[in-house]
Amino acid sequence: MSQSRTSLGVLTVLIILGLATWGAWARLRPAPEQTEEEPEMSDAEAEVVESVVQQFNAEIPTPVVGVPVVRDTLRISVIAKARAEALREVKVTSQTSGIVQSIRVRENQEVRGGQLLIQIDTTDYALSLANSRAALQRAEVDYEVRLLQDEMIEDPELRAARAERARILTGLAQAEVDVRRAEIEMAKTRVTAPFAGRIADLKVVEGQYVGGGTELFTVVTLDPIKVSVSVLETAVVNLEEGRGASLVFSAMPDTTFTSRIEYINPVVDLQTNTTRVTVLLPNPDGRIRPGMYADARLEARQVPDVVLVPRTAIRETEDRRTHLFVEQDGRAKWIYVPLGRMNETLVELLGEPGSQEWVEPGWTVLIDGHQSIIHDAAVQLVADVAAAGGRPTR
């Protein structure tokens with residue numbers, strides 16, 4: 001009996017050790033690989049993958065736009081803000097006092113130089129003039145009486161001296177001055193246009209009392225109209241009087257007005273560091289009004305006989321070197337190019353003929369769709385990159 005219990009205990013211990021060993025092995029063994037079915041790719045995903053493959057595959061032609069390299073004149077312009085002003089502008093004020101009797105003009109009306117525009121009441125001035133003329137007549141009579149016997153004096157110098165003395169003693173000289181002053185005061189009641197133009201800012205009405213110096217209206221000359229362009233001091237040195245100018249006003253964005261530089265102010269404004277450049281524009285219908293703003297393009301310089309490409313052709317590497325691509329036999333050839341002067345759309349190339357930096361006039365330079373291609377990549381010239389399935393540069 002005792003032997004049987006001992007055997008049972010040994011067997012139990014062996015079973016427990018076996019279970020523990022199996023559990024440890026089960027935990028430590030590598031998990032079996034599970035084979036799962038990969039999901040199928042959607043049409044959109046497949047298209048993206050195909051696009052990426054094509055983009056980085058230099059043997060699949062990339063749609064690009066190209067234009068010929070030209071040898072031509074580079075026209076450099078200055079772009080600046082401008083504002084229209086009246087060619088001439090005068091604020092007309094009253095030269096005398098009185099009641100406004102009549103107004104013979106309205107705002108925006110065209111007038112001639114010297115045309116009567118406002119009449120101030122003349123009653124008091126007419127009476128003063130009549131009184132002065134009466135005093136003059138009395139003085140003239142006294143003067144003639146004093147000189148009745150002077151005809152018998154033979155010495156001409158003596159007669160002249162007596163006549164001058166008589167003018168003073170009879171008050172004839174002062175009477176003539178008083179009449180002239182009264183006539184001037186009477187003339188001041190007539191307010192006329194100082195020059196031909198249009199009326200602006202009419203400030204009085206009939207029946208209103210005005211004093212000397214009261215502002216009545218403004219006369220402006222609008223044809224031609226003056227346009228003042230504010231040009232930075234760094235750019236004005238390239239301008240000359242007589243060169244071309246074109247302007248687009250904010251109020252008329254679809255119309256371009258062309259003219260020339262009339263004159264350049266020799267002084268630079270210390271506050272803005274700009275110089276005023278004046279352009280005159282024909283304005284017969286008065287469409288351009290003083291105060292209107294415009295964008296001005298002024299012809300600065302003309303550089304003849306240079307190699308030109310569009311600025312959109314130029315690319316820049318990380319080390320700031322400039323290059324472009326030319327198309328040759330269906331391939332894009334990368335060429336480093338030194339740049340010269342430029343305007344808003346074109347840039348001058350400075351490479352020497354025969355050098356590695358030379359671009360021959362007549363070659364085709366790429367201007368669109370070339371942002372991600374590499375040297376010697378296959379390209380296809382098209383009219384529209386997007387329509388051909390490519391990616392536009394801009």
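This is a short talk on the strands, the cores and a few single residues of one predicted model.

I will start with the strands, since much of the rest hangs on them. Strand S2, residues 70-85, pairs with two other strands that I want to mention. Between S2 and strand S15 there are 13 bridges, and the two strands run antiparallel. To find that pairing on the screen, look for Ala82 in S2, whose bridge partner in S15 is Ala294. S2 is also joined to S11 by five bridges, again antiparallel. There, Glu85 stands opposite Lys226 of S11.

S15 covers residues 293-310, and it has a further pairing with strand S20, residues 346-349. Four bridges join these two, and they run antiparallel. Val309 and Val347 face each other in this pairing. S20 in turn is joined to strand S19, residues 339-342, by two bridges in the antiparallel sense. Leu339 is opposite Leu349 there. S19 and S20 make a hairpin, and three residues lie between them.

Now a separate topic, an open sheet. Which strands form it, and in what order? There are four, in the order S3-S10-S8-S5, and the pairing is antiparallel. Strand S3, residues 88-93, and strand S5, residues 110-111, are at the edges. Each of these has a single partner strand, so one side of each has no neighbour in the sheet. Inside the sheet, S8, residues 197-200, pairs with S10, residues 215-221, over three bridges. Ile199 sits opposite Val219 of S10 in that pairing.

Two loop residues are worth a look here, both for their phi angle. Asn108 lies in the loop between S4 and S5. Its phi is near 70°, which is positive, and the residue is not a glycine. Asn108 counts as partly exposed, because its relative accessibility is 40%. Asp201 lies in the loop between S8 and S9. Asp201 has a positive phi of about 55°, and it is not a glycine either. With a relative accessible area of 39%, Asp201 is partly exposed.

Also in a loop, this time between S10 and S11, is Pro224. The peptide bond that joins Asp223 to Pro224 is cis, with omega at about 0°.

Next, the nonpolar cores. As background, nonpolar side chains tend to be buried together in soluble globular proteins. In this model the largest nonpolar core has 29 residues. Which residues have the most contacts inside it? They are Val229, Val231, Leu239, Leu247, Phe249, Leu281 and Leu298. The elements that each supply at least two residues of this core include strands S2, S11 and S15, along with helix H6, residues 233-236. Leu298 is a good place to start if you want to see the packing. Setting aside residues up to four places away in sequence, Leu298 touches several residues, among them Ile76, Val78, Val229, Val231, Leu239 and Ile261. A second core, of 18 residues, lies apart from the largest one; Leu324, Trp358, Val382 and Val385 are among its residues.

Thr322 belongs to strand S17, residues 322-328. Is Thr322 buried or exposed? Thr322 is buried, because its relative accessible area is 18% and the cut-off for buried is under 20%. Its side chain reaches the backbone oxygen of Val337 at 2.6 Å. Contacts of Thr322 beyond four places in sequence include Ile314, Arg315, Tyr336 and Leu339.

Asn265 is in the loop between strand S13, residues 257-264, and strand S14, residues 274-281. The side chain of Asn265 reaches the backbone nitrogen of Val267 at 3.0 Å. Not counting residues up to four places away, Asn265 touches Thr275 and Arg276.

Last, one helix. H4 runs over residues 156-169, which is 14 residues. From its first C-alpha to its last it reaches 20 Å, close to the 20 Å expected at 1.5 Å a residue. At the start of H4, a side-chain oxygen of Asp155 comes to within 3.1 Å of the backbone nitrogen of Glu157. Just after H4, Gly171 has a positive phi of about 80°.

That is the end of the tour.

Key
Residues are numbered from 1 along each chain as its sequence is written. Side-chain values use heavy atoms; hydrogens and water are left out. A polar contact is a pair of N or O atoms within 3.5 Å; within protein, one must be able to donate a hydrogen and the other to accept it, and residues adjacent in sequence count only if both atoms are side-chain atoms. Contact means heavy atoms within 4.5 Å. A nonpolar core is a set of buried Ala, Val, Leu, Ile, Met, Phe, Trp, Tyr and Cys residues joined through side-chain atoms within 4.5 Å. Buried means under 20% relative accessible area, exposed over 50%, partly exposed in between (1.4 Å probe, protein chains only). Two strands pair if DSSP finds at least two bridges between them. The expected span of a helix is 1.5 Å times one less than its number of residues.
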